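Let's take a walk through this structure together. We will begin with the overall fold and then move on to the ligand and the annotated sites.

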Amino acid sequence: MTVLNPLIYQPLNEKTAIKKALDLKLFPEDADLTCKEIGDGNLNLVFHIVDQKHNQSIIIKQALPYAKVVGESWPLTLHRAKIEADALKTFGQIAPDYVPKVYYTDDQLAITVMEDLSHLSIARKGFIQGETFPLISLHLGEYLAKTLFFTSDYGLGSGAKKVQVQKFINTELCKITEDLIFTDPYFDAETNEFEEGLRPAVEELWKDEELKFHVNVLKKIFLTDAEVLLHGDLHTGSMFADNQQTKIIDPEFAFYGPAGFDIGQVFANLLFQIIVNEKHRDVFIQHVETVWNVFQVQFSQLWEKENKEPLANTTSFLHYHLAKYFEDALGYTGCELIRRTIGLAHVADLDSIQDEQTRLAAKQKTLELGKNLIKKRKEIRDLSEFIRTVKEIV
Ligand code: SR1
Ligand code: MG
């Protein structure tokens with residue numbers, strides 16, 4: 001566990017970030033460096049350093065000892081920078097096409113120096129501006145198949161996997177997810193944020209005992225099913241993309257949990273576009289289908305070819321896993337839809353809709369779909385039933 005040493009840890013600024021890059025000899029001595037802090041996430045500083053002279057650039061990401069989205073009143077471990085760097089390295093070995101390169105890390109300064117991806121767009125922003133990134137779902141399916149298989153007991157072997165479980169104990173960031181996704185949206189918590197027009201729908205949700213039972217079950221699975229190394233925050237703001245490439249960033253919430261959690265977050269964040277983006281609705285429905293189809297095919301191939309548990313390598317046991325991942329993913333999809341609508345951390349897909357009636361209608365549909373997916377996840381047995389449920393509500 002990284003313990004904050006105040007003599008070493010200092011938040012960087014644009015000037016000291018340049019000095020750090022020079023000290024680390026990350027650029028030629030005659031480099032002409034400029035630096036801009038570009039972090040627009042909830043938690044960290046992100047410095048974009050460019051050498052105009054040699055046309056090179058890097059990113060220095062630094063964790064702050066508090067959650068930037070709330071302020072210094074919400075202290076947060078710097079250990080998350082090490083978790084993130086270790087996860088980038090692990091996922092980078094498993095799925096190098098989809099992960100930025102890491103050049104340098106410093107646990108005490110809580111920094112990771114990595115590949116600059118600013119030639120790509122944050123997927124969520126691109127989607128809102130009308131992009132569809134045709135290959136993103138194929139890439140996400142492959143990324144999920146590889147990362148979720150090769151970090152599991154079956155891909156890694158049970159001994160090596162236990163070492164990884166220990167390395168990725170991520171108590172504080174898991175607690176954020178436990179609270180913000182599985183707890184706070186289901187009662188009148190201070191962290192919740194929603195517009196008054198949604199209050200009747202939200203109060204109905206708070207009274208829904210059946211829903212709360214199912215959310216408790218999903219939370220229990222999140223707490224106890226250490227199946228695979230998860231990214232842990234796999235929304236479209238954690239993806240860079242263009243028409244050819246996809247890169248997955250920001251795995252600071254990484255830990256060993258249920259495979260369906262990452263899959264569900266991907267589904268949910270594509271569903272926001274299915275809900276709000278009439279023009280490209282069918283494209284985003286296809287994206288959801290492609291994510292699952294590619295995941296299923298590639299995970300099955302890895303299961304058959306690379307399985308470290310000889311007795312586990314049977315079709316029925318593979319199908320047992322795929323069915324569990326799918327059912328869990330639908331539940332986590334629902335939880336993500338609900339928390340992004342009424343919880344602390346919203347999504348621009350919904351909030352940037354200017355017209356109030358349109359925005360409220362989209363949010364109401366999101367809540368309705370979320371509730372249905374959580375409660376009916378056992379009945380929705382395959383992709384076509386999932387898509388039918390989505391179409392009925394949207
Ligand atoms: C206080 S952190 C709020 C949210 O931002 C992160 O990206 C996670 O999604 C977290 O739930
Ligand atoms: Mg993040």
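## Overall fold

The protein contains 15 helices and 12 strands. Please keep in mind that this is a predicted model. Its C-alpha trace spans about 60 × 55 × 40 Å along the principal axes. What does the radius of gyration say about the protein? A compact globule of 394 residues would have a radius of gyration near 21 Å, and the protein has 21 Å, so the two agree. Of the 394 residues, 42% are buried. Contacts across the chain are well represented too: among contacts with a separation of 6 or more, 70% join residues 24 or more positions apart.

## Two domains and the contact between them

The domain assignment divides the protein into domain 1 (14-115) and domain 2 (121-393). The centres of domain 1 and domain 2, taken over C-alpha atoms, are separated by 26 Å. Domain 1 brings 17 residues to the contact, and domain 2 brings 20 residues. On the side of domain 1 that touches domain 2, there are 10 nonpolar, 4 polar and 3 charged residues.

UniProt, in an unreviewed entry, places the feature "domain: Aminoglycoside phosphotransferase" at residues 34-269. This span, residues 34-269, is 42% helix and 22% strand, and its end C-alpha atoms lie 34 Å apart.

## Around ligand 1

Where does ligand 1 lie relative to domain 1 and domain 2? Ligand 1 lies between them, because domain 1 (14-115) and domain 2 (121-393) both give residues to its shell. The residues around ligand 1 are Asn42, Leu43, Ala67, Val69, Ile176, Thr177, Leu180, Asp233, Leu344 and Ala345. By class, this shell has 7 nonpolar, 2 polar and 1 charged residues. Helix α7 (residues 171-182) gives the most to the shell around ligand 1, with 3 residues.

## Annotated binding sites

Two "binding site" annotations come from the unreviewed UniProt entry, and they are taken here one after the other.

One of them lists Asp233 and Arg339. These residues span 107 residues in sequence, yet no two of their C-alpha atoms are more than 12.9 Å apart, so they gather at one spot.

Asp233 sits in the loop between β9 (228-230) and β10 (239-241). Is Asp233 buried or exposed? Asp233 counts as buried, because it has 23 C-beta neighbours inside 10 Å. Leaving aside neighbours within four places in sequence, Asp233 is in contact with Ser238, Asp250 and Phe253. Asp233 is also one of the residues around ligand 1, and Asp250, its contact partner, is among the residues of the other "binding site" annotation.

Arg339 belongs to helix α12 (residues 315-342). With 26 C-beta neighbours inside 10 Å, Arg339 counts as buried. Not counting residues up to four places away in sequence, Arg339 touches Leu180, Ile181 and Pro185. Leu180 appears in the shell around ligand 1 as well.

The other annotation covers Asn44, Lys61, Glu115, Asp116, Leu117, Asp250, Pro251 and Glu252. Two of these residues, Glu115 and Leu117, deserve a short visit.

Glu115 lies in strand β7 (residues 111-115), while Leu117 is placed in the loop between β7 and β8 (121-122). Glu115 has 18 C-beta neighbours inside 10 Å and therefore counts as partly exposed. Leu117, with 18 C-beta neighbours inside 10 Å, counts as partly exposed. Setting aside residues up to four places away in sequence, Glu115 touches Pro100 and Lys101. On the same basis of leaving out neighbours within four places, Leu117 is in contact with Pro100, Phe240 and Lys247. Pro100 thus appears in both contact lists.

Here are the neighbour counts for these annotated residues, side by side.

| Residue | C-beta neighbours inside 10 Å | Burial class |
|---|---|---|
| Glu115 | 18 neighbours | partly exposed |
| Leu117 | 18 neighbours | partly exposed |
| Asp233 | 23 neighbours | buried |
| Arg339 | 26 neighbours | buried |

## One more residue

A last stop is Asp351, which lies in helix α13 (residues 348-351). Asp351 is partly exposed, with 14 other C-beta atoms within 10 Å. Its C-alpha atom and that of Ile8, 343 residues apart along the chain, are separated by 39 Å.

Definitions and conventions. Residues numbered from 1 in each chain as written. Chains lettered and ligands numbered in written order. Predicted model: local features only at pLDDT ≥ 70, side-chain atom pairs only at ≥ 80, totals over all residues. Domains from an automatic or database assignment. Contact = placed C-beta atoms within 7 Å. Nonpolar A, V, L, I, M, F, W, Y, C, P; charged D, E, K, R; others polar. Near = placed C-beta within 6 Å. Helix = DSSP H or I, 4+ residues; strand = E, 2+ residues; numbered from the N terminus. Rg over C-alpha atoms; globule rule 2.2 N^0.38 Å. Buried ≥ 20, exposed ≤ 12 C-beta atoms within 10 Å, placed from the backbone. UniProt positions renumbered as here; feature names shortened; annotations may be inferred.
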